[in-house]
Structure formats: C-alpha cells, structure tokens
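Thanks for coming. I have a short walk through one model today, and I will keep to what can be pointed at on the screen.

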Amino acid sequence: MTDLLGGFYKINGYVINQTNGLITHAPDLGIYGAGGGIYAGYNFLNVKVDRDPMFVKTIVFICRSVTLFDIVNPLLMRQSRRALHFYSTDAEIPPCSLIVNDFISHSAPTYYGMVTPYDTGENMAILFLSFETESFEVILTTTTPEKPTQPFPMGLLVNASEMNPSGSGYSSNIGVIRFTGFHFLKDLIYLNNERAKTLVEYRMLSPSARNYYSLARTYFEKALQELKEMRYSKAYDYLLLAWNFEANTYLEIRSLLQDLINASIILLPTIILFAIIFERLVLPKSGLKRFLEIISIIIFFTLTVSALHPGFILASNITGGMLGLTALVISIPIPLIIFSNIIKYAKEIRSKFLGEHFAEISRSEAFSLALSTGISNLKRRFLRTVLNLITISIIIFSLVSFTSLSLFTGIKGYQVISQPPYQGMMMRQYFGMIPFSTQIISFLSTHFGDEAIISPRSWVYPPLPGEETLYSGSWTAGLGSIGLQSGVHNSFIYGPNNTRTFIGALIGLTPKENDITRISLALTLESRWFLEGEIYSCIINDRIQRDLNVKIGDKIKVMGVELKIIGVADTNLLKAICDINGESIAPLNPQKAPVSPTQSFIPLSWDYVIIVPFTLTYNVFNGRINSVAIKTDNFTKLNDALNKLIMGVSQNLEVFASTEDGKVMVYRRGLEFTFQGVATVIFPAIIGGLTIFTTLLGALMERKREIMVYSSVGLSPLHVVGMFLAESLTYAILGSIFGYLFGILGIRLLLIAGFISEGATVNFSSFFVFISIAFSVLMVLLSSLYPSRKASLLVTPSLKRKWEIDSKPVEDDWSIPLPFRCAENEVDGVLKFLFEFLEVYTNRDAGTFLVRSKEILEKKTPESLCKELIAEVSLAPWDSGTAQKVFIRAIKEKRGWAFHIHLKYIVGDKNVWIKRNPKVIDILRKQLLLWRGLKEEEKRRYVGE
C-alpha cells in the first residue's frame with residue numbers, strides 16, 4: 001500500500017508462491033484492470049482511506065515477472081533515490097516513465113503490470129506480463145524542462161541487432177535483463193542509425209547532431225571496454241555519458257525528420273496557389289475544364305516535388321496528409337460562402353428598411369479583379385513575363401543550391417564581472433533549484449582523475465513547525481518551505497540548556513570545500529573544518545552561538561538529530577566568501593527564488609544558516625546536490641568537461657568557469673545558426689530586383705492611358721496599386737516554386753555526382769522553404785513599391801487624398817460648400833434621400849450625432865430659388881449638451897443645383913461643436929456621392945414620390 005498524497009493510496013495486491021517465492025499474481029494495469037478506468041469497475045490506484053475498517057478490491061492476473069535495472073534519466077544525468085532517515089519521506093524521482101507494449105502489435109498488452117521507481121524510489125523496475133504475451137518491448141520516456149508536457153523516448157528495449165535494427169522483442173519468460181542500461185542504449189543507437197541514413201544521404205545532419213552522434217559512439221565503446229574488463233564504476237560513468245549524447249542525438253534527428261516532413265506540408269498549399277495562377281497565365285479555361293486543369297497542374301508539380309524532396313519519402317503516409325490538406329483547402333471556401341450569403345441577405349434586409357445609404361465594396365471581389373487584371377496584363381507581354389520569371393527563378397535556384405542555413409545546438413558564453421577566487425568551474429541548474437545526481441560527481445571524478453578537487457554542495461530547508469516543538473512534514477531537500485512569518489524564522493534548534501533559536505537552512509559542504517573557497521578563514525581560532533568521514537558535527541555562526549549560549553564541543557539538536565559543534569564562523573567574514581561567479585555560496589533564499597533565468601540569485605542570510613557535513617545533508621536529510629565546485633589547473637580537461645556537460649544536459653545548466661587570462665565566463669546551451677554562401681546570392685538578388693523594378697516602371701509608362709481609363713471609371717488609387725502588387729505576387733509565387741524545384745533538382749544532381757561533402761548541410765528543411773518563398777516575395781514587392789506609388793499618383797495627382805473642409809466657423813455660424821451638383825429633376829429626390837438617411841440617426845445608438853427633428857422647406861431669396869432640409873441635431877458626447885441646427889441647402893444656379901451646408905450653433909461645448917462637425921459633414925457628403933452611384937430605378941423611387 002503506497003501513500004500518494006492527502007490520504008489517497010495505491011492498493012496493490014500480489015499472490016506469492018510459497019514454495020519458490022515467485023510472484024504468481026500481480027495488479028492488472030491493462031484494459032480489464034486499472035487501465036480500463038471506470039469500465040473495469042474497481043479503483044485501486046487512487047483510493048481515499050476515510051474509514052476504519054475499509055475494504056478495497058484490487059484486480060490481479062496470472063503473471064510472470066521481468067526485472068529491469070538502470071531506470072535513470074540520462075538526459076538530466078539523474079537517478080531515483082529514496083531517503084534513508086526516518087525524518088524524511090522525500091524521494092528524488094527524475095522525470096522518466098516506462099511504456100510496455102506487446103511487440104507484435106506495438107500496443108499495451110491486454111494484461112500487464114509494473115513496479116517503477118515512482119513506487120520504490122530505486123533505479124529498477126519489475127514488469128508483470130501474462131503468459132499470452134509472447135514478446136514485449138519497453139520504451140523509457142522523459143520530458144525536458146524546455147518541453148515539460150511532451151514526452152519522448154530516451155531508451156528502447158526491442159532486442160535490436162545490426163541485421164534487424166527494428167528488433168524482435170524480448171521473450172516474456174526472460175526473467176531478468178542484466179545490464180539493462182547497455183541494452184537501452186544499444187537499441188536506441190540502432191534506431192538512430194537507421195533514421196540517420198536518409199539524413200546522411202541528403203546531407204541534412206546538423207553540426208550538433210553529428211557531434212552528438214560521434215560522442216555517443218565513442219563513449220559507448222569505452223563503456224563496453226570497461227565492462228569487459230569488469231571496471232563497473234567507470235563502465236557506468238561512460239555509459240551514462242554515451243546515453244546522454246545518444247538521447248540528444250535522437251532529439252536532433254527527430255527534429256530534423258519532422259522538419260523535412262513539415263517542408264512537404266508547407267509546399268503543398270503553395271503549389272495549389274501556384275496552380276491557380278499558372279492556369280490563368282498559361283492555359284486559361286472556364287468551368288469544369290478549368291477545375292480539371294488546375295487539378296492536373298497540382299498533381300504534376302506535387303509528383304515532381306515528391307520525387308526530389310526527401311520529406312515526401314520520409315513521411316509514413318504523405319498521401320493521407322496531402323488528401324487531408326487538400327480537403328481542408330477545399331472546405332475553407334464553404335464557411336466563407338455561407339458567411340458571405342448571410343452578410344448579403346442582411347444587407348438586403350437593411351436596404352429594404354433603410355434604403356440604399358451604404359457603400360458596399362467587396363474586398364475579395366476587388367482583389368480577385370486586381371489579380372485577374374494583373375495576370376491578363378502579364379499575358380499580353382508574355383515574353384517579358386517569361387524573362388522576368390527566369391530571373392527570379394535563377395535567384396531562388398542560387399539561394400537553394402549554393403547557400404546553406406543550419407540551426408544547431410551550441411554553447412553560448414558570456415563574461416561575468418568577477419575575479420575568480422580559484423581556478424576551475426562551478427556548475428548549477430536554474431540557480432540551484434534543479435538538483436544533480438551523484439552520477440555527475442562520478443563522471444567528473446572519472447574525467448579529471450587526480451587533477452581536480454571536486455566538492456558538491458547541498459541545501460536543506462526545515463519543515464514548517466506546528467504547535468511549539470511539533471513539526472508537520474519532513475525536511476525538504478533543495479528548495480522548500482522556510483516558514484517565514486513577519487520576517488521571523490520559525491524553525492527551531494535547541495541548545496544544551498533548553499535554549500533555542502531559529503534557522504532557515506542547512507548547507508552541506510565537504511571537507512574539500514576548504515581547499516577550493518578557503519571558507520575556514522571565516523572560522524574563529526578555536527574552530528576547525530570538517531574531517532573525512534565526519535557526519536554528526538556542525539559549524540554555527542556567532543549569532544546562533546549567542547542565542548544558544550554554547551561553545552565549541554557542545555551539542556545541539558536539529559530535528560532530534562544531535563550534532564557536535566566543531567567551529568564558530570564570523571557572519572561578516574562568511575559574507576566575504578564568494579564563489580567563482582562572485583556570488584555567495586549560501587543557500588538560495590526561497591522567499592526570493594527567481595521565476596525566470598533573467599533574475600538574480602539572492603542568497604539566504606548567513607545569520608540563519610548552519611554548516612554541516614555534506615554526508616549528513618545528503619544521506620540523513622535526503623538533500624540534493626544543488627551545485628558543484630571544481631578546482632583544477634588543467635584547462636584542457638576543464639574545457640573538455642565543460643563542452644560535454646553543457647552539450648548533453650538541458651538548457652537549465654549553467655557553468656561558471658575561469659579562463660587562463662583571469663576572466664570568468666558563464667556558459668549555457670542554446671540554438672545557433674550558420675548561413676554559408678550568402679555572399680554568392682546578394683549581388684544576383686540586387687541585379688534581379690533592379691530588373692523587376694525597371695520592368696514594372698517601364699510597364700507603368702506604357703500603361704499611362706490605361707490607368708487614366710481606370711481612374712475615369714471610378715477605381716481608387718488603392719485598387720490601381722493592388723493591380724501592380726498582384727502582378728508582383730504572380731512573379732514571386734511562380735518564380736519561387738520554379739526556382740525551388742530547380743534548386744532541389746540541382747542539389748540531387750550534385751549529391752549523385754558526389755560534389756557535396758558529408759560535412760555540408762543542404763536546404764531541404766521547412767524553414768528554408770519559407771525563406772525561399774519569403775525572399776522571392778520580398779524582393780519583388782520591394783521592386784514594385786515605387787512603380788505602384790507612381791501608378792496611384794496618376795489616378796489622383798494631388799497629394800491630398802482625403803476631402804477636407806476649407807471654411808472655418810464664424811462665431812456661431814459655419815458655412816460649408818459641398819462638391820456636389822445635380823439636375824433640376826433630381827433635386828427633390830436628393831433631399832428626400834438625405835431625409836430618409838437622417839432617420840437612421842434618430843436613435844443615440846447610431847453614434848456620431850442624434851437627429852431630434854427634420855423637415856424640408858422651399859423658399860425664394862432675392863438671388864435665386866432655394867430648397868433646404870432643416871434638422872435639429874445633438875452631437876456626441878451627449879453629456880456635453882452640444883446642439884445645433886443643420887441646413888442642407890440646394891441653391892439653383894445656371895449649371896444646376898449646388899449644395900451647401902450651414903451649421904448654426906445653439907448650445908453646449910463649442911470645442912465639441914468644432915471638432916465633431918467635420919465627421920458629420922463627411923457622412924452627409926458621402927451620401928451625396930452615393931446618390932450618384934444609384935441605379936435609375938432606385939433614383940425614381942425618390943424623385944417620383
């Protein structure tokens with residue numbers, strides 16, 4: 001029965017053969033047991049024990065067992081560990097889990113069970129398999145701090161071999177798989193070898209993948225040699241390092257393979273768009289013939305790309321992916337059509353009730369018209385279009401064939417403003433909050449031998465206290481609850497005469513720590529540092545000595561553990577002891593723990609820290625290894641260890657190292673990229689861009705009259721710009737596809753001819769597909785900006801693109817002439833049209849203004865006849881109380897009826913009156929423009945009333 005948390009338990013039932021001690025029945029985690037959830041009928045994995053007695057049913061099955069060892073996390077170099085002291089129930093379980101499958105179906109067996117490190121805190125597992133499962137496979141998975149929700153394999157047990165890299169599975173009656181870690185790594189190597197073949201063939205392996213690949217096999221050979229010579233400790237050191245590099249190799253290879261497959265997915269929609277434009281340009285048809293022609297072009301170019309691009313070869317079901325993507329593309333217009341029809345019917349209803357008072361310009365239709373017109377212009381000058389496409393295609397071909405962009409994992413170093421107190425390095429993960437396992441110490445010892453002093457450090461924080469001396473919970477290793485209330489430390493330690501004081505943490509240091517940081521300089525004269533093998537001793541500071549009234553040789557109690565005082569440290573001198581990065585070696589203050597890597601390390605005050613032997617914190621209080629200090633003068637081995645550790649462990653690792661010239665650098669793992677051959681493309685791209693520029697500028701000069709015609713029929717400058725941009729996009733899309741196809745064809749020919757070395761990286765990735773298309777579009781669009789601007793100026797030569805009011809208000813009056821005239825037979829209809837429109841604004845919800853009353857009058861003046869629409873109007877914001885009278889006057893002149901608007905201020909904020917009225921006038925002006933666009937039958941509805 002295993003306690004989970006908060007009174008919930010796992011109830012595991014077993015039946016043991018009393019004769020031989022073998023387990024004959026084990027808990028069933030299959031679909032008819034715990035794996036079946038509510039359908040199995042019984043819950044025995046998450047049981048809340050809330051009464052006494054309580055009866056729980058558990059499901060078992062007839063089984064045979066298989067024992068596995070080395071269930072560790074090689075990527076983080078961590079293994080499981082259970083606390084030894086009864087004060088602590090903490091178990092250090094690195095993020096890793098086991099997946100058991102039937103080898104034939106590669107799915108979970110019908111009946112199975114397991115005991116994992118999460119149950120025992122040990123680096124081993126026991127699998128329980130039914131007699132029906134003839135062979136099985138095991139996948140060891142983990143997550144990374146960078147992707148905590150995405151598990152990935154870091155070890156396989158498939159019984160692979162060189163002749164059968166996919167494996168044949170392990171028999172369920174094998175009993176024990178000895179040296180399991182070697183089998184995990186061996187099978188993972190076979191898997192990576194098989195997957196890497198295609199990447200090596202197409203020169204797609206990144207520099208970091210090659211590095212991981214080489215290092216993993218080098219250290220695996222060393223591990224096998226040490227195992228053969230029965231030096232097991234060194235064998236496992238090399239095994240863990242090789243396993244670490246191979247797990248990183250798997251990550252790199254999987255990422256590259258996924259990137260190649262993504263490239264094929266990115267190419268397909270581009271080919272669909274290419275097919276639509278290409279059909280319009282070369283072989284325009286209509287109806288069903290057009291549809292069949294577009295489908296034929298898509299199929300042809302897709303087959304061409306699939307024969308050249310490795311992403312189509314690597315994808316397990318590229319046909320299904322393409323059909324799915326095609327179905328998605330086809331289905332996208334359906335909701336758009338439905339939405340368009342809904343909008344259309346809504347507009348018809350609005351027009352029925354409110355009249356034709358709204359300008360409707362379909363952007364999709366405008367874009368379609370611009371694209372169609374642009375393509376037709378290209379067709380009329382077909383030879384020039386072909387030459388421009390050849391220019392763009394050659395540039396993209398050069399970009400794909402002669403340049404190389406590689407993303408890879410590398411080491412990034414930054415200088416730290418600090419003077420190194422010792423030569424060597426200090427390692428920690430995320431400010432010490434992510435601990436190391438003892439494997440890291442074993443690796444460092446094997447790597448440096450006698451040429452370095454290695455000292456791990458451990459932090460332990462006390463639990464929260466209950467009433468007086470009653471504590472709840474356990475000591476927490478690494479980061480935990482420090483129990484600060486109003487700035488008072490509430491964790492008690494006791495002196496010999498029932499004196500007590502507060503502490504915040506224990507720091508475990510080794511006897512070798514003094515050889516690195518010279519921390520003993522902070523001790524009093526009567527004090528001494530720890531000796532090898534010493535456990536139950538401590539060094540307190542002067543504040544604790546005063547509070548407890550103790551001296552060297554006395555004993556104090558920390559959570560019931562009796563410790564002998566062997567030294568007293570001066571707090572001020574302790575603050576002066578710094579690590580290689582210039583920070584204190586005191587534990588991190590959990591109250592101020594950083595939440596992002598950009599924040600700073602804030603240590604706990606030495607006033608509330610007791611120094612104890614590392615063995616005590618690690619073994620008795622289940623402490624973790626929070627940082628490691630290494631002192632060495634061998635910079636060659638130092639740099640070698642630094643590179644291997646940073647390249648292998650996660651991005652949370654940071655290594656502070658001294659350099660031979662007396663500087664301190666901090667190193668972390670990160671993504672880098674190389675872009676080779678870019679110089680060969682810059683000048684052709686500039687020449688190509690200028691060619692497109694001169695072509696479009698020449699086309700502009702040729703089509704001046706055509707643009708004037710567009711202007712006369714009402715096309716705006718934006719629509720004319722759209723036509724030129726549509727032509728540019730046509731060049732870009734067609735040129736990028738042709739250029740990319742010829743580029744990857746050139747790469748394939750160079751690969752076949754053997755002109756590309758194995759160390760080179762070529763551009764089949766999805767990122768480079770995007771770069772090729774984006775580069776083509778950007779180059780062409782930049783070339784077309786000036787011609788497009790010139791074309792828009794031909795439509796509207798004036799720099800003023802918006803109508804503005806020329807007049808100014810005079811006291812309470814403001815007269816605005818409008819650029820609108822109408823004929824004698826239309827004037828009444830125009831005023832009625834405006835009268836109907838103002839009905840929309842008789843409600844405050846309309847927004848800009850509110851019409852309170854309105855009427856149409858006719859009067860004669862000494863100069864001429866005048867008809868006017870008079871309205872009382874309030875202006876928003878309504879709380880300003882601004883009101884006015886609006887006179888929309890039609891005055892008869894020789895050339896027809898001219899329209900003016902006169903505003904009469906009545907009451908309210910005059911600033912609001914001046915600022916709001918330009919918007920009101922513009923709304924009314926646009927209604928007059930809409931009148932001109934009405935059909936004759938629509939005008940008769942107003943003129944004939």
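**Strands, cores and a few odd residues**

I816 stands opposite I901 in β37. I start there since that pair gives us a place to stand. One caution before going on: this is a predicted model.

I816 and I901 face each other across the pairing of β33 with β37. Strand β33 covers residues 813–822 and strand β37 covers residues 896–907, and the two pair in the antiparallel sense over seven bridges. What joins β36 to β37? A hairpin does, through two residues. These two strands also run antiparallel, with eleven bridges between them. Within that pairing, F887 stands opposite H902 in β37. As general background, side chains in a regular strand alternate between the two faces of the sheet.

Step back along the chain from β36 and you reach P877, in the loop between β35 (865–875) and β36 (883–893). The peptide bond from A876 to P877 is cis, with omega near 0°.

Now the other end of the chain. There is an open sheet of three strands there, in the order β3-β4-β6, with antiparallel pairing. Its edge strands are β3 (15–16) and β6 (60–62), each of which pairs on one side only. β3 pairs with strand β4, residues 23–27, in the antiparallel sense over two bridges. V15 has H25 as its bridge partner in β4.

Next, the interior. How many residues does the largest nonpolar core have? It has 73, and those with the most contacts inside it are M425, M427, L444, V628 and I630. Helix α4, residues 232–282, supplies the largest share of this core, ten residues. A second, separate core has 49 residues, including A209, F274, I375 and I737.

Let me stay with L444 for a moment. Leaving aside its neighbours within four places in sequence, L444 is in contact with M425, M427, G449, I454, V628, I630 and L645. Among those, M425, M427, V628 and I630 are also on the list of residues with the most contacts inside the largest core. L444 is one of the buried residues of α11, along with Q439, I440, I441, F443, H447 and F448. What do the buried residues of α11 pack against? The answer is α4, β18, β19 (452–461), β30 (627–632) and α16 (635–648). Just after α11 comes G449, with a positive phi of about 65°.

Before α11 there is another positive phi, this time at F431, also about 65°, although F431 is not a glycine. F431 sits in the loop between β18 (424–429) and α11 (438–448). Is F431 buried or exposed? F431 is buried, because its relative accessible area is 6%, and the cut-off for buried is under 20%.

M230 makes a useful contrast. Its phi is near 60°, again a positive value in a residue other than glycine. M230 is found in the loop between α3 (207–228) and α4. At 58% relative accessibility, M230 counts as exposed, since exposed means over 50%.

Two more buried positions. L506 lies in strand β25, residues 505–509, and is buried with a relative accessible area of 0%. Where the chain comes back past L506, the C-alpha atoms of L506 and V612 are separated by 6.7 Å, although the two residues are 106 residues apart along the chain.

The other is S393, in helix α10, residues 382–402. S393 counts as buried because its relative accessibility is 9%. Not counting residues up to four places away in sequence, S393 touches G735, F738 and G739.

Last, the surface. Which residues form a nonpolar patch there? L288, F291, L292, I295, I299 and L303 do, with about 600 Å² of accessible area together. L303 is found in helix α5, residues 287–308, and counts as exposed because its relative accessibility is 54%.

That is the tour. I am happy to go back to any of these on the screen.

Conventions:
Residues are numbered from 1 along each chain as its sequence is written. This is a predicted model: local features need pLDDT of at least 70, side-chain atom pairs count only at pLDDT 80 or more; totals for chains, interfaces and linings use all residues. Side-chain values use heavy atoms; hydrogens and water are left out. A nonpolar core is a set of buried Ala, Val, Leu, Ile, Met, Phe, Trp, Tyr and Cys residues joined through side-chain atoms within 4.5 Å. Buried means under 20% relative accessible area, exposed over 50%, partly exposed in between (1.4 Å probe, protein chains only). Helices (H or I, at least four residues) and strands (E, at least two) are DSSP runs, numbered from the N terminus. Contact means heavy atoms within 4.5 Å. Two strands pair if DSSP finds at least two bridges between them. Patches are made of residues with over 30% relative accessible area and no salt bridge: like charges are joined within 9 Å, nonpolar side chains (Val, Leu, Ile, Met, Phe, Trp, Tyr) within 5 Å. Accessible areas come from the Shrake-Rupley method with a 1.4 Å probe; for residues, only the protein chains shown count as cover. A salt bridge is a side-chain nitrogen of Lys or Arg within 4 Å of a carboxyl oxygen of Asp or Glu.
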